[in-house]
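Q: I have a structure open and want to learn to read its features. Where do we begin?

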Amino acid sequence: MSEGAAKKEEKPRKFQAIRGTRDLLPPETALWNRVEQTAHEVFATFGFGEIRVPIFEPTELFRRSVGIDTDIVSREMFTFPEDFRETLDLRRDYLAVRARELRNQLPAKDAMKSFISFTSDFLDLAGSAFSRDQIPQTAENKDSLDQIHSRILLWEPKVEQKEFGCTEQDWLLLLSDIAMLANRLEIGGLISLRPEATASVCRAYIEHNMQQLPQPVKLYYMGPMFRRERPQKGRYRQFYQIGAEVLDRVRPADTILRDVAKELRRDAVIDAEAIEMLMTFFGKCGLQGTTLYINSIGHNAPNCRRGYVEKLRAELTKIKDKLGPDSQRRIDTNPLRVLDSKLESEQPYIEKLPRIADHLCEECATHYSAVKHQLEMRGVIYRENWRLVRGLDYYMRTTFEITAPGLGSQNAVCGGGRYDGLVELLGGPRTKGIGFAIGEDRLILSLQEVDKRSSDTGVQSPLATRQSPPLYIAWMGERAYATALGTAKTLRSAGFRVELPPVEQKFGIALGRAVQLGAKYALILGDNEVTSGEWTLKMLADGTQRKLTEPQLLDFLRKL
Ligand code: HAM
């Protein structure tokens, strides 16, 4: 290798953010903060409280709620084994391999001693994982651990004896027993980075007995979600959602003495209010050109969605050869998702398919009409879209999506819907649910588009205000520096942005730097100012200056 090539190789690797992830930098992060602050404020006015749930959960939670056959669960989750699982897996495998190897050896005291001691270590680790519920607390697992324990209790004292005797038969039996018992141990689940947060909120509702709180429980969250999708504009592998969920326990008394009309009205009001809150939030953010699409996908019963799905499947089978491979596959797995297809060639056929609105049961149809009525009462403008089925399994009745301009093909800025029964599916009490999640990355993108266009139209997002310009302190001399520190502290605690250079600069350089940072004023602090107790404030636009004491300066800045 030439010297040049060796040097090139020595160069440290430059790291880049992983595909589909990105850094959010200032000043854009200020917009993110304002959007989030607006969500905190608007959601609080509707009685919602913030919940923070973990970023990873058992994979099983998402499989059960979002659905095994969905794109999200079947191919987009970031899933990995927990540390303890890896350690235990390795040890279990090692135990089995050791047992197999030792089979060919004669019962030797040392080999046996080390095998028993390793088995005993494994049992300690597995036993404590079991007691912490890190491996499933099933009867089978308990039995396996107990049996390993009893083998150790039997053999440990024996191998310690001076007169150690063991037949080949005993030896083989012990090895195969331990290998079999270790293998039988079901070490448990995987964990996944959350692809969404509805499942976690339902898990938390159950875990913290929130059904005992006054109902409905109204929660919101914000934070990163993870999906291994093909990255493109508005689609990332780490993206951010702002979401809200309303959970409403069904009391046993309500089930026995059902007042269907009252129940449907309550649900419809909750749906409409969640959507109203969402649109209020978008309005406060200054998001323009949004369209709210709504639909009802009924409920999973033969006289409602299930009947419709069978009809749809039959129709799709008739036109199977006209459909692309994805839709063809979905005829078997999930015919509703065919309606989601964006494939140009399929559109004329999909438009002629039967529509779910004509197949809703009476209760679902009444609920859907009530939701539309409640939206109208709130002045929320919507469009119906019979093809809006959503890509997660837990939905029933209301589904909705909002699109925004400037986003290209990934134009859904929010999605949501009703999911009665999900809490029950996760082991909780009978509970109804409705919620939505806003794609924050897309919301920001769309706001930035509005902002870009605002210079032409004069319309500006209320969130588009820039950070206030800094006040630059040009100090000269150590005595002035000490004063400058005090002045900076006073101004900052009064809420002003101050730039204080770390080293003394020549006057011209200091003013140039102030202009570079976007400052409108420079505060000049030298020996004269310290002595007189009056600072010089220079207006950078026209070069004029005035003398002010610190209280006068504060007063002047406040009036700006
Ligand atoms: P979702 O439709 O999967 O629903 O996601 C909601 C929103 O998150 C989408 O409309 C989109 O704006 C944004 N989003 C999704 N994937 C990405 C991505 N890869 N990159 C950027 N943005 C993305 C849910 O997640 C449900 N949990 C919503 C919900 C809450 N339903 C009931 N409650």
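A: Start with one facing pair: Gly 416 stands opposite Phe 436 in E11. Labels such as E11 are DSSP runs numbered from the N terminus, helices being H or I with at least four residues and strands E with at least two. The model is predicted: local features need pLDDT of at least 70, side-chain atom pairs count only at pLDDT 80 or more, and totals for chains, interfaces and linings use all residues. Residues are numbered from 1 along each chain as its sequence is written, and side-chain values use heavy atoms, with hydrogens and water left out.

Q: How do E10 and E11 run, and how many bridges join them?

A: Strands of a sheet pair through backbone hydrogen bonds, either parallel or antiparallel. Two strands pair here if DSSP finds at least two bridges between them. E10 and E11 run antiparallel, joined by five bridges.

Q: In what order do the strands of the open sheet with mixed pairing come?

A: Read across the sheet, strand by strand. The eight strands follow the order E1-E5-E6-E11-E10-E9-E7-E8. Strand E1 (49-50) and strand E8 (383-384) are at the edges; each has a single partner strand, so one side of each is left without a neighbour in the sheet.

Q: Which helix lies across E1, E5, E6 and E11?

A: Look for contact, meaning heavy atoms within 4.5 Å. For angles, axes are lines fitted to C-alpha atoms, for helices over the stretch in contact, and the values run from 0 to 180 degrees between N-to-C directions. Helix H2 (residues 28-45) lies across these strands, E5 being residues 217-226, and runs at about 5° to E6. Helix H15 (residues 362-377) also packs on the sheet. H15 touches strand E7 (291-296), E8, strand E9 (396-403) and E10, and its direction makes about 160° with that of E7.

Q: What is the order of the open sheet of three strands?

A: The order is E2-E4-E3, and the pairing is antiparallel. Strand E2 (56-58) and strand E3 (79-80) are the edge strands, each with a single partner, so one side of each is left without a neighbour in the sheet. Three bridges join E2 to strand E4 (residues 191-193). One facing pair is Pro 58 opposite Ile 191 in E4.

Q: Now the ligand. Which residues come nearest?

A: A residue is near a molecule if one of its heavy atoms lies within 4 Å of it. There are 27 residues around the ligand, and Glu 196, Glu 229, Glu 245, Tyr 395 and Ala 412 come nearest. The shell has 12 nonpolar, eight polar and seven charged residues. The classes are fixed: Ala, Val, Leu, Ile, Met, Phe, Trp, Tyr, Cys and Pro are nonpolar, Asp, Glu, Lys and Arg charged, and the others, Gly among them, polar.

Q: Which strand gives the largest share of the shell?

A: E10, with six residues. Strand E6 (238-249), strand E10 (412-418) and strand E11 (431-439) each supply at least two.

Q: Which atoms lie opposite the ligand's nitrogen and oxygen atoms?

A: Look for polar contacts, pairs of N or O atoms within 3.5 Å. A polar side-chain atom of Glu 229 is 2.7 Å from a ligand nitrogen. A polar backbone atom of Ala 412 is 2.8 Å from a ligand oxygen. For Phe 436, a backbone N or O atom lies 3.3 Å from a ligand nitrogen. The protein covers 95% of the 660 Å² of accessible area that the ligand has on its own (Shrake-Rupley method, 1.4 Å probe).

Methods. Polar contact = N/O pair within 3.5 Å; in protein donor to acceptor, adjacent residues only side chain to side chain.
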